[in-house]
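Let's take a walk through this one, starting at the metal and working outwards. Keep the viewer open as you read.

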Amino acid sequence: MMNNPLLDFADLPLFDRIQPEHVAPAVDVLLAGAEEALQTVTAPDFPADWIEISKVLDVASERFSRAWGAVGHLNAVADTPALRAAYNEAMPRVTEFWTRLGSDERLYAKYKAIDTGRLNPEQRQAHKNAVRNFVLGGAELQGEAKQRFAVIQERQAELSQKFSENALDATDAFAYYAQPDELEGVPQDVIGAARAAAEAEGKPGYKLTLKMPCYLPVMQFARSSALRERLYRAYVTRASELGDPAFDNTALINEILALRQEEARLLGYPNFGELSVVPKMADSADQVTRFLRDLAVKAGPYGARDLADLRSFASEHLGLRDPQPWDWSYIGEKLKEARYAFSEQEVKQYFTAPKVMAGLFKIVETLFEVSIRRDSAPVWHPTVEFYRIERGGAKVGQFYLDPSARAGKRGGAWMDDVRARWLRPDDGVLQTPVAQLVCNFAAGVDGKPPLLTHDDVTTLFHEFGHGLHHMLTQVNERDVSGISGVEWDAVELPSQFMENFCWEWDVLRHMTAHVDTGEPLPRALFDKMTAAKNFQSGLQTLRQIEFSLFDMLLHTSYDAANAQSGDVLALLAQVRAEVAVMPSPPFSRTPNTFSHIFSGGYAAGYYSYKWAEVLSADAYAAFEESVGADGEPNIETGRKYRQAILEAGGSRPAMESFKAFRGREPQLDALLRHQGMAEPQPA
Ligand SMILES: [Zn+2]
């Protein structure tokens, strides 16, 4: 047991030594330790004192979550059947403990008894969050209400699971075996995959499905309008009464909404929308709907112009005088090709991985007054790099960078924390933060460095922004340091903020070198990229607003308990009439697959995407306003941003941090300007 690397907390995780057989014994030990700590601090004679509780409970739970975090991380980046089995086997025990901890009434009572007058501001914020989470978890309810709350939670979990299964099954159930002459215009790789899929089933033709890698390119590129219509109709009626009744989500939607309404009322809120914003940055559901409506009014004319562009292009160049719903993606792609002829392939040649990394580090070092150096740590794969961030010669944080795609590694990109900055209550040692930055870039070929698409570069900057939020924090209280305790609708501020640099000419020309010639990105190509970036941004914005407003109204003004079948669609129609410009067919049943809000944790929270975009754009505008004549960003602005936003982490409300940086509340202007929706107003 002494040799179990998961039980070594001396410093960094021993990623090179952790084996599947270590998982179960480590969970046994750590779970027992956390359990004992919970019993200790909730004993009647244990003092209701923040530090005393933290010394016992937080120290034990920290070990547990760090070890489990290491296992989860390996499961994501170095998956093997044995590790997956060990992970899945331990998972229910781990989840059960955290759920129980979060609803332990004795612990809640102990927290409530703490004299907050003696806490420092960071501790007070952490304490406030802890108590709030208990209350929202039903800790204040008594008797029948408490029982009913538990029943509602359980039923909601079942319904959201069923909703997502239906959406998935309805998607999977569709297949159309196309003939070769129907596939004109569809990219060769999609055709190849469709042929292989049919062959695998011993069928002739080409198997087309509603999964994104097939559906999207068919809608964008297939010349056959009939083929597009066939797939479109199937797609927008998935999991509805217009498809297989076995997968119909209609009744589930009404039950989910009614239960959420009931849950909100049990907790003393008029509706689920108001309950949902309690732990968020937004003050009220009403503030959110006003924000969305304001944005809709501003984006409206640009959306209308985008639609007019599509109509006139379709009529003049494609012979489509009366475009149907299944034509828009196709028209959009054709117009995009005509306007901004350049390829992702051409752009890629300029973004070599080492040059991009050096460019990213340079910006961070200059702007935030730190230096980034190579460091060493046990890693899970030889291509993983490890760095330390220093200020004034002192270590402030460290991070792993796992850049390349490989077998056994989950797709996508993400940032995760290994440990948070924390002034440990037990030994008084200041623990420095450590982050994981994981990407999936294609490997280099023929001995050349890896080439990144511009999307890859933006993703890298995005994740690095989350990483900086985690690593540059100066907060000493674990649960509000870095990204911990930051409101859900504000947490994307630092990440989206960093993306802006990927659209700066002065940044890009120093961050690019053609893989063969070493030449920086040509200005003409950059201009085309920028123009294409905002292609149809008006329509896209209106679409996001439509989803967000529909989501919030469903959870505020919609009376689910007394609703008739079809009322959800009537509400959607009303929202569309208010904010949309693109026509939608009467048979469309998009709410039936709106998994974000019915099974994905975004209920009354879909607006967060736009909300955080406003914050990040407005924060970035401070840098645009203060940029020097040489194109170099202003150090003072960088320092202010670092101190107000990054260093403060979750230790105070995000609005306070934003105001400390910007000197005022957020405004929409910068976002509209960045997305090409500022002056001159289209007619
Ligand atoms: Zn993010």
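The zinc ion is held by three residues: His462 and His466, each through NE2, and Glu492 through OE, at 2.1 to 2.2 Å. Donors here are N, O and S atoms within 2.8 Å of the metal (3.2 Å for Na, K and Ca), and since water is not among the atoms, sites may look incomplete. Along the chain, the zinc donors are spaced as H-x3-H-x25-E. Within that pattern, His466 and Glu492 tie together distant parts of the chain: His466 belongs to helix α16 (residues 454–471), Glu492 is in the loop between α16 and α17 (493–499), and 26 residues separate them. Helices are DSSP runs of H or I with at least four residues, while strands are E runs of at least two, numbered from the N terminus.

Before going on, a word on provenance: this is a predicted model, where local features need pLDDT of at least 70, side-chain atom pairs count only at pLDDT 80 or more, and totals for chains, interfaces and linings use all residues. Residues are numbered from 1 along each chain as its sequence is written, and side-chain values use heavy atoms, with hydrogens and water left out.

Are those two zinc ligands buried or exposed? His466 has 10% relative accessibility, so it counts as buried, whereas Glu492, at 27%, is partly exposed. The cut-offs are under 20% relative accessible area for buried, over 50% for exposed, and partly exposed in between (1.4 Å probe, protein chains only).

Now hop over to Ser284, in the loop between α11 (272–276) and α12 (285–317). Ser284 counts as buried because its relative accessibility is 19%. A polar atom of its side chain sits 3.0 Å from the backbone nitrogen of Gln287. Setting aside neighbours within four places in sequence, Ser284 is in contact (heavy atoms within 4.5 Å) with Glu274 and Val277.

Next, helix α13 (residues 328–339). Its twelve residues at 1.5 Å each should span 16 Å, and the end C-alpha atoms are indeed 16 Å apart; the expected span is 1.5 Å times one less than the number of residues. Among its buried residues are Trp328, Tyr330 and Leu335. The cover over the buried residues of α13 includes α8 (212–221), α9 (225–236) and α12.

Last stop, the cysteines. How many disulfides does a search of the whole structure find? Zero, with a disulfide meaning a pair of cysteine sulfur atoms within 2.5 Å. For Cys439, the nearest cysteine sulfur is that of Cys502, 11 Å away. Cys439 is buried, at 1% relative accessibility, and Cys214 is buried too, at 10%.

How values were computed: A polar contact is a pair of N or O atoms within 3.5 Å; within protein, one must be able to donate a hydrogen and the other to accept it, and residues adjacent in sequence count only if both atoms are side-chain atoms.
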